[in-house]
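Hi everyone, thanks for making time for this. I'd like to walk you through one binding site and one pocket, so please have a look at the structure first.

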Amino acid sequence: MRKLTAFFLSILLTKLSLAAGPHEGLDCLGCHDPHYAKAQKIFKVKNDKYINPRTGKKPQDINALCLGCHNLTEFGGAGVKPIYLHMTHPVGIKPNPKIAKVPEKLLRKGILQCVSCHDPHPSNPNWKYLRVDTKGGSQVGVFCMTCHPAKVDTKYYGVESIKIFTSMNEEAGKGEFSLDDPNLVIFNLTPEYIKPLGDYPNSLAPAYTIVPNQPWFYSPAPENIPPELKNLIKKK
Ligand code: HEC
Ligand code: HEC
Ligand code: HEC
Ligand code: HEC
C-alpha cells in the first residue's frame with residue numbers, strides 16, 4: 001500500500017516539476033483583482049490576521065499578499081504551501097548591516113520582504129521563484145551570497161557577480177540584471193489608495209487550475225502550534 005502511494009506520489013511530483021511554475025495556474029487573477037482588490041497594486045488577497053513574531057505586527061505590504069495564500073486558512077491564508085513566520089528566515093524587518101549586507105534595491109521601503117528574495121511573476125524561470133538562479137536549487141549558496149557574501153566560498157561556485165531576476169521593468173523586459181544596472185527595478189512606487197469595502201475571505205481565482213487547493217501535509221500537529229497561533233484559531 002505504501003509502495004503504491006509512493007508510486008502515485010512520484011507520478012504527481014514529476015507532473016508538477018514538468019509544469020513551468022505553479023503561479024502560472026493563478027493566471028494573474030489569483031494575485032490581482034481588477035475590480036475587487038484588497039490592497040495596493042490591485043492585490044486580490046491579504047493576510048491581516050497572522051502576527052509576525054519578529055515584529056509583533058500583522059504582515060505588511062507584499063508580505064500580506066503572499067501570506068494571504070501561503071498560510072493556513074485559520075491564520076489568514078488560503079492553505080497553500082503554508083509557511084510560518086515563527087520558523088522562517090527573518091522578514092518584515094530593517095536589516096542589521098552586521099548580519100546582512102542587503103543591496104538597497106532588494107529592500108522595499110527599507111524593509112526585507114518576501115519579494116527581496118522572490119520575484120513571484122510566472123515569467124521568473126528560477127527555482128522557487130528565487131531572484132537568483134541557483135541551477136535548480138543545487139547552488140543555493142549563490143543566492144545567499146547576495147546578502148551574506150562574507151559567508152560564502154565564491155571559489156566553490158566559481159561565481160564572481162550576482163545577477164538578479166526582475167519582471168518589474170517593462171521597458172527593459174524580464175530578465176537578469178547585475179546589481180549596478182539601472183534597469184534593475186524591483187518595484188515601482190504607486191499610491192496606496194485601495195480600501196476594501198468588506199471583509200471577504202481570501203480565495204484563489206477561479207482560474208486556479210494546476211494544483212488543487214488543499215491543506216498541506218506538512219501542516220503542524222496541533223500540539224506543535226505555538227500558543228499565540230492557537231489563540232488565533234480559538235477566536236474564530
Ligand atoms: C503570485 C502572485 C502574483 C501573480 C500570479 C501575478 N502577480 Fe503581478 N504582482 C505581484 C506582486 C507581488 C507585485 C508587486 C511587487 C512589488 O511592488 O514589489 C506585482 C505587480 C504587478 C504589476 C505592477 C508592476 C509595477 O511596477 O508596479 C503588474 C502590472 C502586474 N503585477 C501584472 C501581472 C500580470 C499581467 C500577471 C499574470 C501574468 C501577474 N501580475 C501575476 C504578484 C503577482
Ligand atoms: C493566490 C494565491 C497565491 C499568492 C498570493 C501567492 N502564491 Fe505562491 N503559490 C501559490 C500556489 C497555488 C503555489 C503552488 C503550490 C503547490 O506547489 O502546490 C505556489 C507556490 C509558490 C512557491 C513554490 C514554487 C515552486 O516552484 O515550488 C513559491 C516560492 C511561492 N509560491 C512564493 C510566493 C511569494 C513570494 C508570494 C508573494 C509575492 C506568493 N507566492 C503569493 C499561490 C499563491
Ligand atoms: C531570505 C530569503 C527569503 C525570504 C525573505 C523569503 N523566502 Fe521564501 N524561500 C526562500 C528559499 C531559499 C526557498 C527555497 C528553499 C525552501 O523551499 O525552503 C524559499 C521557498 C519558499 C516557498 C516554497 C516552499 C516549498 O516547500 O516549496 C514558499 C511558498 C515561500 N518561499 C514563500 C515565501 C513567503 C510568503 C515569504 C515572505 C513572508 C518568503 N518566502 C520570504 C527564501 C526566502
Ligand atoms: C535579500 C537578502 C538576503 C538573502 C538573499 C538571504 N538573507 Fe539571510 N538575512 C537577511 C537579513 C536582512 C537578515 C536579518 C538581519 C537582522 O537581524 O537584522 C538575515 C538573517 C539571517 C540569519 C540569522 C537569522 C536570525 O534569526 O537572526 C541567517 C542564519 C540567515 N540570514 C541565513 C541565510 C541563508 C542560509 C540564506 C540563503 C538560503 C539567506 N540568509 C539569504 C537577508 C538575506
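**Around ligand 4**

Let's start with a histidine: a polar side-chain atom of His-89 sits 2.8 Å from a nitrogen atom of ligand 4. Please keep in mind that this is a predicted model.

Two further polar contacts involve oxygen atoms of the ligand. In one, a side-chain N or O atom of Arg-54 is 2.8 Å from an oxygen of ligand 4. In the other, the protein partner belongs to the backbone: a polar backbone atom of Asn-96 is 2.7 Å from an oxygen of ligand 4.

Now the wider shell. There are 18 residues around ligand 4, and those that come nearest are His-89, Asn-96, Cys-144, Cys-147 and His-148. So you'll recognise His-89 and Asn-96 from the contacts I just described.

What kinds of residues make up this shell, by class? Twelve are nonpolar, four polar and two charged.

And which helices contribute? H3, spanning 114–117, and H4, spanning 140–145, each supply at least two residues. H4 gives the most, with three residues in the shell around ligand 4.

Let me move on to the second largest pocket. Its space comes to about 490 Å³. The lining has 23 residues, and nearest the pocket centre you'll find His-32, Phe-43, Pro-120, His-121 and Met-168. By class, that lining is made up of twelve nonpolar, five polar and six charged residues.

That's my tour, and I'm happy to go back to any of these residues on the screen.

Technical notes
Residues numbered from 1 in each chain as written. Chains lettered and ligands numbered in written order. Predicted model: local features only at pLDDT ≥ 70, side-chain atom pairs only at ≥ 80, totals over all residues. Heavy atoms only, no water. Near = heavy atom within 4 Å. Polar contact = N/O pair within 3.5 Å; in protein donor to acceptor, adjacent residues only side chain to side chain. Helix = DSSP H or I, 4+ residues; strand = E, 2+ residues; numbered from the N terminus. Nonpolar A, V, L, I, M, F, W, Y, C, P; charged D, E, K, R; others polar. 1 Å grid on protein atoms, 1.4 Å probe; cavity = no way out; pocket = protein on both sides within 12 Å on 5 of 7 lines; lining within 4 Å. Points joined across faces, edges and corners; volume = space filled by probe spheres on them.
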